[in-house]
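Trainee: I've got a new model open and I'd like to talk it through with you. Can we start with packing and work outwards?

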Amino acid sequence: MSNALIFGSMAAISLFVFFNLGKIKASKNQINRNNRINRFRESNQQNIIENDHKEEKKDED
Amino acid sequence: MSKHSAINRFGRSRNPAFSRNFDQGGFRTQSSSEMNAGSGFRTTSSVAESSDVMTLDGAVNKTGILLALCFTGAAVGWNIPALAWPAGILGFILALVTIFRSPSKAGTTAPFYALVQGVMLGGVSLMYENLFDGIAIQAIGLTFGILASLLVCYKSGLIKPTENFRLMVGAGIGGIFILYMVSFVMSFFGSGISLLSPTNGSLMSIGLSLGIVCFASLSLVLDFDYIEEGAEKGLPKYMEWYGAFSLMVTLVWLYLEILRLLAKIRSR
């Protein structure tokens, strides 16, 4: 009985924490760092656009 | 004069996939009125965050829906344990379909996956419960305890997932997968890896289970980071379901491994 009470309340509190904390953005030192996993390859896309833009500028000169 | 004559004549592509602005946390869209057809000159204005993009709120709410479905399925599996095996196989197929075939259809497949896996977990939990009284509620408490504590660690920046972190977790999961596959093949010949048996209470076996639980827990951190990054970069709305689905897959795995670990400890 006490087993169910302890672990059951542990599950309930944990779920409460998950549903509240999960909706909040992560802290700045988690988000603003250089070694984040780059899943969506954003730097490559930016580089392509930047290089394209530079190339155009060169041509105009 | 630029050598990009096509750009000079037609302007740049209006394909939204090419004009997605990752920095703003939403999609940058262009209306046709912003195009000056004569010169091909184009101005872009960032539109306020659309309701069609992934959010943290949405992903957490959808995880809640999947958990509720999983508990409903578990109630069915607990009362009809014979359904556990077919449900497990169906769940595995649904997971493969969601991952490899259609992540965009995760909104349809993920709820079925959660329901079916719930049936499987209900049956398996009853089997363990018959061997060790009160083990299921302990595993549930520990699974959600790990989920919440790792979420706190992730949000606060205590655990920082990097490429090396992902590589380490990926390599570990790959090794565990190979171990399971070898054990599965050996089971056809009437043997198996005794270290994986839930009734093997040796220190070596408990240590192995503890290691597997660690890797399953660390992959939760990767799931949190995926959802956080997806919401930050404004991925499409259906990715909320996909993020919730990936969290569910890890939670199901973690729960099963904790059940096995507790059974081994109780067997001593």
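Trainee: Which helices do the buried residues of H2(B) pack against?

Mentor: Keep in mind that this is a predicted model. H2(B) has a long list of buried residues, including Gly58(B), Leu66(B), Cys70(B) and Gly77(B). One partner comes from the other chain, and the rest belong to chain B. The full set is H1 (2-21) of chain A, plus H3 (84-101), H4 (106-131), H7 (203-232) and H8 (238-267) of chain B.

Trainee: How far does H2(B) reach from its first C-alpha to its last?

Mentor: The helix covers residues 56-79, which is 24 residues. At 1.5 Å a residue you'd expect 34 Å. The model comes out close to that, at 35 Å.

Trainee: Why does Ala87(B) count as buried?

Mentor: Ala87(B) sits in helix H3 of chain B. The cut-off for buried is 20 or more other C-beta atoms within 10 Å. Ala87(B) clears that cut-off and so counts as buried, because its C-beta neighbours inside 10 Å number 24.

Trainee: What is the C-alpha separation of Ala87(B) and Met120(B)?

Mentor: Setting aside residues up to four places away in sequence, Ala87(B) touches Gly77(B), Val116(B), Val119(B) and Met120(B). Along the chain, Ala87(B) and Met120(B) are 33 residues apart. In space, their C-alpha atoms are separated by 5.4 Å.

Trainee: Which element gives the largest share of the largest nonpolar core?

Mentor: That core has 68 residues, and Tyr255(B) is among the members that touch the most others. Beyond its neighbours within four places in sequence, Tyr255(B) contacts Leu121(B), Ala139(B) and Thr143(B). Two or more core residues come from each of H1 of chain A and H2, H3, H4, H5, H7 and H8 of chain B. The largest share, 18 residues, is from H8(B).

Trainee: Which element gives the most to the side of chain B that touches chain A?

Mentor: The contact takes 29 residues from chain A and 33 from chain B. On the chain B side, the elements giving two or more residues are H2, H5 (135-156), H6 (163-187) and H7. By class, that side splits into 13 nonpolar, ten polar and ten charged residues. With 13 residues, the top contributor is H5(B).

Trainee: And what percentage of chain A is buried?

Mentor: Chain A has three helices and zero strands, so to speak an α-α-α pattern along the sequence. Its length is 61 residues, and the buried portion is 11%.

Technical notes. Residues are numbered from 1 along each chain as its sequence is written. Chains are lettered from A and ligands numbered from 1 in the order in which they are written. This is a predicted model: local features need pLDDT of at least 70, side-chain atom pairs count only at pLDDT 80 or more; totals for chains, interfaces and linings use all residues. Helices (H or I, at least four residues) and strands (E, at least two) are DSSP runs, numbered from the N terminus. The expected span of a helix is 1.5 Å times one less than its number of residues. A residue is buried if 20 or more other C-beta atoms lie within 10 Å of its own, exposed if 12 or fewer, and partly exposed in between; C-beta atoms are placed from the backbone. Two residues are in contact if their C-beta atoms, placed from the backbone, lie within 7 Å. Ala, Val, Leu, Ile, Met, Phe, Trp, Tyr, Cys and Pro count as nonpolar, Asp, Glu, Lys and Arg as charged, and the others, Gly among them, as polar. A nonpolar core is a set of buried Ala, Val, Leu, Ile, Met, Phe, Trp, Tyr and Cys residues joined through C-beta atoms within 7 Å.
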